[in-house]
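Me: I've got this one open and would like to go through how some of its helices pack. Can you walk me through it?
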Amino acid sequence: MARRRGPGLRTRITLLATGLVAFVSGLLLLLGWLLVGRVIASSPRFAEGSTVFVDGREIDAGVLMDVLGQQARDDVLRSGSVAFLCVVAAAALLAWTITGRVLQPVHDVTDAARRLSAESLGERLRLTGPRDEVAELADTFDEMLDRLQAAFESQRRFVANASHELRTPLSVIRTELDVTLADPDADVDELRRMAGVVRAATERAEQLVSALLLLARTDGLGLAVREPVDLNAVVESAWRAVRAEAEERQVRASFLSAPAPAVGDPALLERIAGNLLENAVRHNVPGGWIEVRTEGGPDRTLLGVSSSGQPIAPDRVEELFEPFRRGGTDRTARTGTGLGLSIVRAAVAAHEGVVHASAVPGGGLSVVVQLPSTPHGKLV
């Protein structure tokens, strides 16, 4: 339960408004009292020793003027005190009422925040009325809920997909073990076949776990290492890892290299280049092509990887950056983990760069990565 540290905002505003009204009213009462006294004091005086008759009685004129002045001041003080109390009470009541109405949207925001949970992220305030600061606060709160809901839904999909991907190799391992153990006549060849399947499934699970750890390391975090890196050397190293697979699939590669200095984590930059080249090879068509280009500039360095492949709808290109997406919608591919472009986007964001992908006419994908080329560079 939340512990209140002091009077609420409504109470403080009411006390402040009431205090200000009381101060001004008291000041006016004092000025009125002084003004009456000054008016009486400056009124014409009778001659010394003069007398006047009041109700048949003879009274000294000087004493009468003093009595009238005191009585006038007493009347002002008495009437002013009653008016003072009425004004202060009215001010307090009005301040309390108006403040309550003004702060009601704030209470709505507070109540919504208290009710907020993963199951109630669909609630919105949608405040109507004057577009003042309180309405702006409510709109900002609604926008925050939109972002939270999108993040929670993305997280749910990620967890569900990750569970599915991890369950697949584990199911293969368990099935192979159960089948082999249930066969009393299993020979060495059968055991070797089972061991090969289990090893392949284990490697797949290990790749997936490593990719998940790398994605968690880069997603939303800064860089632990930031040093000058030659992007051409990074691309060359990454290409050596996939060259054999490209030659096996008869994929032709061309490189358009120019000086491309970058600043960042060498391991993550090599992972960016490696994932782009792996995707270009594994999602290519037999006898296809790959074009890699690097280009440096005063503020940014560019790495572009284009390749042939299956046709991709332009409006579904952005989906490729979602976890466990392969070829736009295929989640059943036997190679890769479905996290390649997700890791690329997270690693590029950690370098404060930008990444953009577009469909190649006739089939294939083109991905362009822009990275800062100076230590303090930042792309927007």
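Reply: Bearing in mind that this is a predicted model, a good place to begin is the contact in which Arg271, Ile272, Asn275, Leu276 and Asn279 of α6 meet Gly340, Leu341, Ile343, Val344, Ala347 and Val348 of α7. By class, the residues of that contact divide into seven nonpolar, three polar and one charged.

Me: And how are α6 and α7 oriented relative to each other?
Reply: Helix α7 covers residues 340–350, and α6 packs with it at an angle of about 155°, the two axes being 9 Å apart. Angles over 145 degrees count as roughly antiparallel, and α6 and α7 are therefore described as roughly antiparallel to each other. As for handedness, α6 passes α7 in a left-handed crossing.

Me: OK, what about α5 and α6, what's the angle there?
Reply: Helix α5 (residues 231–248) packs with helix α6 (residues 266–282) at an angle of about 30°, with 8 Å between their axes. Since angles under 35 degrees count as roughly parallel, α5 and α6 are therefore roughly parallel to each other. The crossing in which α5 passes α6 is right-handed.

Me: Which residues make that contact?
Reply: From α5 they are Val234, Val235, Ser237, Ala238, Trp239, Val242, Glu245 and Ala246, while α6 contributes Leu269, Glu270, Ala273, Gly274, Leu277, Glu278, Val281 and Arg282. Sorted by class, the contact of α5 with α6 has 10 nonpolar, two polar and four charged residues.

Me: Switching to charges, how many salt bridges are there in the whole structure?
Reply: A search of the whole structure finds 11. One of them joins Arg271 and Glu278, whose side chains meet at 3.0 Å, N to O; Arg271 is among the α6 residues that meet α7, whereas Glu278 is among the α6 residues in the contact with α5.

Me: Where does the salt bridge partner of Arg240 lie?
Reply: The partner is Glu236, with the closest N and O atoms 3.7 Å apart, and both residues lie in helix α5, four residues apart, or about one turn of the helix.

Me: Last thing, which residues does UniProt list as "transmembrane region"?
Reply: The UniProt entry, which is unreviewed, lists residues 12–36 under that name. In the model, the chain over residues 12–36 is 100% helix and 0% strand, and its end C-alpha atoms lie 36 Å apart.

Key. Residues are numbered from 1 along each chain as its sequence is written. This is a predicted model: local features need pLDDT of at least 70, side-chain atom pairs count only at pLDDT 80 or more; totals for chains, interfaces and linings use all residues. Side-chain values use heavy atoms; hydrogens and water are left out. Axes are lines fitted to C-alpha atoms, for helices over the stretch in contact, and angles run from 0 to 180 degrees between N-to-C directions. Helices (H or I, at least four residues) and strands (E, at least two) are DSSP runs, numbered from the N terminus. Angles under 35 degrees count as roughly parallel, over 145 as roughly antiparallel, 65 to 115 as roughly perpendicular and the rest as oblique. A crossing is left-handed if the near helix is turned anticlockwise from the far one by less than a right angle, and right-handed if clockwise. Contact means heavy atoms within 4.5 Å. Ala, Val, Leu, Ile, Met, Phe, Trp, Tyr, Cys and Pro count as nonpolar, Asp, Glu, Lys and Arg as charged, and the others, Gly among them, as polar. UniProt positions are given in the numbering used here, feature names are shortened, and annotations may be inferred rather than shown by experiment. A salt bridge is a side-chain nitrogen of Lys or Arg within 4 Å of a carboxyl oxygen of Asp or Glu.
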